[in-house]
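Work through the exercises below with the sequence and the structure open. Try each task before you read its solution.

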Amino acid sequence: SKVPKKTLNALLQPENKEKLKSILTFHVIEGDLKAKDVVELIKKSKGKVKVKTISGEKLVLFLKGSNVLVRDNKGNTATVQQTNLNSSNGVIHVIDTVLMP
């Protein structure tokens, strides 16, 4: 619901398959990190940790109070809303917005 309908419809066109793939893989990192692992990693890294996405881009994870936030290289920030949703290929942490590569 965060992506405008016109943009979403354009991304779903066959000619935009690679662009859609880059956006989706921008939201995925390798590993099986549970919420507590993420928080520990941030604390061990003095408050911020850079992670590499499947698309090769970097995201910064940090804490604001008890919330985990994710910042892209453009300065856009998302807040983790739900954590530790297990799936067949990893663990999902839901954020409140779409970050763009």
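**Exercise 1: A loop residue with an unusual backbone**

Lys 46 lies in the loop that links helix H3 (35–44) to strand E1 (48–52). The model is predicted. Task: find the sign of phi at Lys 46, then decide whether Lys 46 counts as buried or exposed.

Solution.
- Step 1. Read the backbone: phi of Lys 46 is positive, about 60°, although Lys 46 is not a glycine.
- Step 2. Set this against the general rule: most residues other than glycine have a negative phi.
- Step 3. Check accessibility. Exposed means over 50% relative accessible area. Lys 46 has 81% relative accessibility, so Lys 46 counts as exposed.

**Exercise 2: The same check inside a strand**

Task: place Asn 84 in its element and classify its accessibility.

Solution.
- Step 1. Asn 84 sits in strand E4.
- Step 2. Its phi is positive, about 60°, although Asn 84 is not a glycine.
- Step 3. Partly exposed covers values between the cut-offs of 20% and 50%. Asn 84 has 32% relative accessibility and therefore counts as partly exposed.

**Exercise 3: The two faces of E1**

Task: sort the side chains of E1 by the face to which they point.

Solution.
- Step 1. Follow the strand: its side chains alternate.
- Step 2. Val 49 and Val 51 point to one face, and these two are buried.
- Step 3. Lys 48, Lys 50 and Lys 52 point to the other face and are not buried.

**Exercise 4: Strand pairing**

Task: trace the pairing from E1 to E4. How many bridges join E1 to E2, E2 to E3, and E3 to E4?

Solution.
- Step 1. E1 and E2 run antiparallel and are joined by five bridges. Val 51 stands opposite Leu 59 in E2.
- Step 2. E2 (residues 58–64) and E3 (residues 67–71) are antiparallel, with five bridges between them. Here Lys 64 faces Asn 67 of E3.
- Step 3. E3 and E4 (residues 77–87) also run antiparallel, with three bridges. Leu 69 has Thr 79 in E4 as its bridge partner.

**Exercise 5: Glycines in the hairpins**

Task: for each hairpin, give the number of residues between the strands and name the glycine with a positive phi.

Solution.
- Step 1. The hairpin of E1 and E2 has five residues between its strands; Gly 56 in the turn has a positive phi of about 95°.
- Step 2. The hairpin of E2 and E3 has two residues between its strands, and Gly 65 takes a positive phi near 65°.
- Step 3. The hairpin of E3 and E4 has five residues between its strands; Gly 75 in the turn has a positive phi of about 95°.

**Exercise 6: The whole chain**

Task: describe the order of elements, then test the chain against the radius of a compact globule.

Solution.
- Step 1. Count the elements: three helices and five strands. From the N terminus they run α-α-α-β-β-β-β-β.
- Step 2. Compare radii. A compact globule of 101 residues would have a radius of gyration near 13 Å; the chain has 14 Å, so the two agree.
- Step 3. Add the dimensions. Along the principal axes, the C-alpha atoms fill a box of roughly 45 × 30 × 25 Å.
- Step 4. Look at burial and surface. Buried residues make up 22% of the 101 residues. The chain exposes about 7200 Å², and carbon and sulfur atoms supply 53% of it.
- Step 5. Finish with charge. The chain has 18 positive and 9 negative charges, and their mean positions are 5 Å apart.

Methods. Residues numbered from 1 in each chain as written. Predicted model: local features only at pLDDT ≥ 70, side-chain atom pairs only at ≥ 80, totals over all residues. Heavy atoms only, no water. Pairing = 2+ DSSP bridges. Helix = DSSP H or I, 4+ residues; strand = E, 2+ residues; numbered from the N terminus. Rg over C-alpha atoms; globule rule 2.2 N^0.38 Å. Buried < 20%, exposed > 50% of the residue type's maximum accessible area, 1.4 Å probe, protein only. Areas by Shrake-Rupley, 256 points an atom, 1.4 Å probe, with all protein chains shown as cover. Lys, Arg positive; Asp, Glu negative; His and termini not counted. Charge placed at Lys NZ, Arg CZ, Asp CG, Glu CD.
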